[in-house]
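Hi everyone, thanks for having me. Could you please pull up the sequence and the 3D view, so we can go through them together?

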Amino acid sequence: MSVGDLNCRTSNASDFIQDDSVHITLQNQLPNLFNYSNDHSLSTRINPDTISNDYGSKLIKLCKSTGLRILIGRHKDGLSNDYTYCGPESFSVIDYFLTTVDLFSTIDKFIISSFTQFSDHASLHLEIKIKKLNFTDELITDCEPDYGVERKTFKWRDEYKSQCKETLANNIDNLNSLCENLNFESQDGIDKTVSDFSEFLNGIMSPYFKVRPKSEYV
């Protein structure tokens, strides 16, 4: 995926090779000769900017050669079919979100927001779907190496809220001591500060929460 201000104006030029498939007759006659993945035919982009420039032509060539596709102007609800830049002379579309066709289905919402007084570019709003992971009560000790890593998480329990507040109050001196010794002068200092603070909270709060494992992608 790639997103940003590319200064490209592409009008409605196709970002994929049209009629790219090998004819079925040729495939049948020479079945072992072709191992070719043709470009998927996509819908025409709805682009209000009808002007193209040299940067736009280069972007179209890049898309055809790499498999990246322009999402702007193609989203199902039409909220991405608008101008992205308000210049001194006119509006244009020069900000893009590029991704491959197989990732189109993971994009839940893509919106070109309204212009504001803070920028001459409209902000791009993107929401993607992620895989839902299931939790188990037993700690996982052997994760597959190409899947993810294990970490502990804590589930909030409302019935212990008052006890948590009391525990924090009883340990306020230790907490103040940690705050007085914060070290943000170096990366090692930051790492130690975060580690000390995490260990402090885990030590006093873990009795009130249920520990459950969680595997996440890396």
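I'll talk about confidence, then one helix, then a loop, and finally some aromatic rings.

Okay, so this is a predicted model, and that means we start with how sure the predictor is. The mean pLDDT of the protein is 78, and 73% of the residues get to 70 or more. The stretch to watch is residues 135-149, where the pLDDT is below 50. In the model this stretch still has 30 contacts beyond near neighbours in sequence. But where pLDDT is low, the predicted coordinates shouldn't be read in detail. I'll leave that part alone.

Now find helix 5, residues 187-205. This helix has 19 residues and spans 27 Å from its first C-alpha to its last, close to the 27 Å expected at 1.5 Å a residue. Which residues of helix 5 are buried? They are G189, T193, F200, I204 and M205. These residues cover an arc of only 110° around the axis, so they sit on the same side of helix 5. Turn to the other side of the helix and you'll find Q187, D188, K192, E199 and G203, which are exposed. And what covers the buried residues of helix 5? The cover includes helix 3 (161-170) and helix 4 (172-180).

Next, let's go back towards the start of the chain. Look at the loop between strand 1 (2-5) and helix 1 (24-29), and pick out D15. Is D15 buried or exposed? D15 is buried, with a relative accessible area of 0%. Its side chain reaches the backbone nitrogen of I70 at 2.8 Å. If we leave aside neighbours within four places in sequence, D15 is in contact with R45, I60, C63, K64, L68, R69, I70 and R74.

While we're in that loop, have a look at the backbone. N7, also between strand 1 and helix 1, has a positive phi of about 55° although it isn't a glycine. S11 is in the loop too, and it has a positive phi near 50°, again in a residue other than glycine. As for the surroundings, N7 is partly exposed, at a relative accessible area of 42%, while S11 is buried, at 17%.

Last stop: the rings. How many aromatic pairs are there? The count comes to three. One pair is Y83 with F91, and that pair is tilted: 5.5 Å centre to centre, with 40° between the planes. Another is F91 with F115, where the centres are 5.8 Å apart and the planes are at 55°, so this pair is tilted as well. The F91 and F115 pair links distant parts of the chain, 24 residues apart. F91 is in strand 4 (residues 91-92), and F115 is in the loop between strand 6 (107-112) and strand 7 (124-128). Put Y83, F91 and F115 together and you have one aromatic cluster.

Are these rings hidden away or out in the open? Somewhere in between, it turns out. Y83 is partly exposed, with a relative accessible area of 26%. F91 is partly exposed at 41%, and F115 counts as partly exposed at 32%.

That's my tour. Thanks for listening!

Note on methods. Residues numbered from 1 in each chain as written. Predicted model: local features only at pLDDT ≥ 70, side-chain atom pairs only at ≥ 80, totals over all residues. Heavy atoms only, no water. pLDDT = per-residue confidence, 0-100. Contact = heavy atoms within 4.5 Å. Helix = DSSP H or I, 4+ residues; strand = E, 2+ residues; numbered from the N terminus. Expected span 1.5 Å × (residues − 1). Buried < 20%, exposed > 50% of the residue type's maximum accessible area, 1.4 Å probe, protein only. Arc of directions from axis to C-beta. Polar contact = N/O pair within 3.5 Å; in protein donor to acceptor, adjacent residues only side chain to side chain. Phe/Tyr/Trp six-rings, centres within 6.5 Å; stacked < 30°, edge-to-face > 60°.
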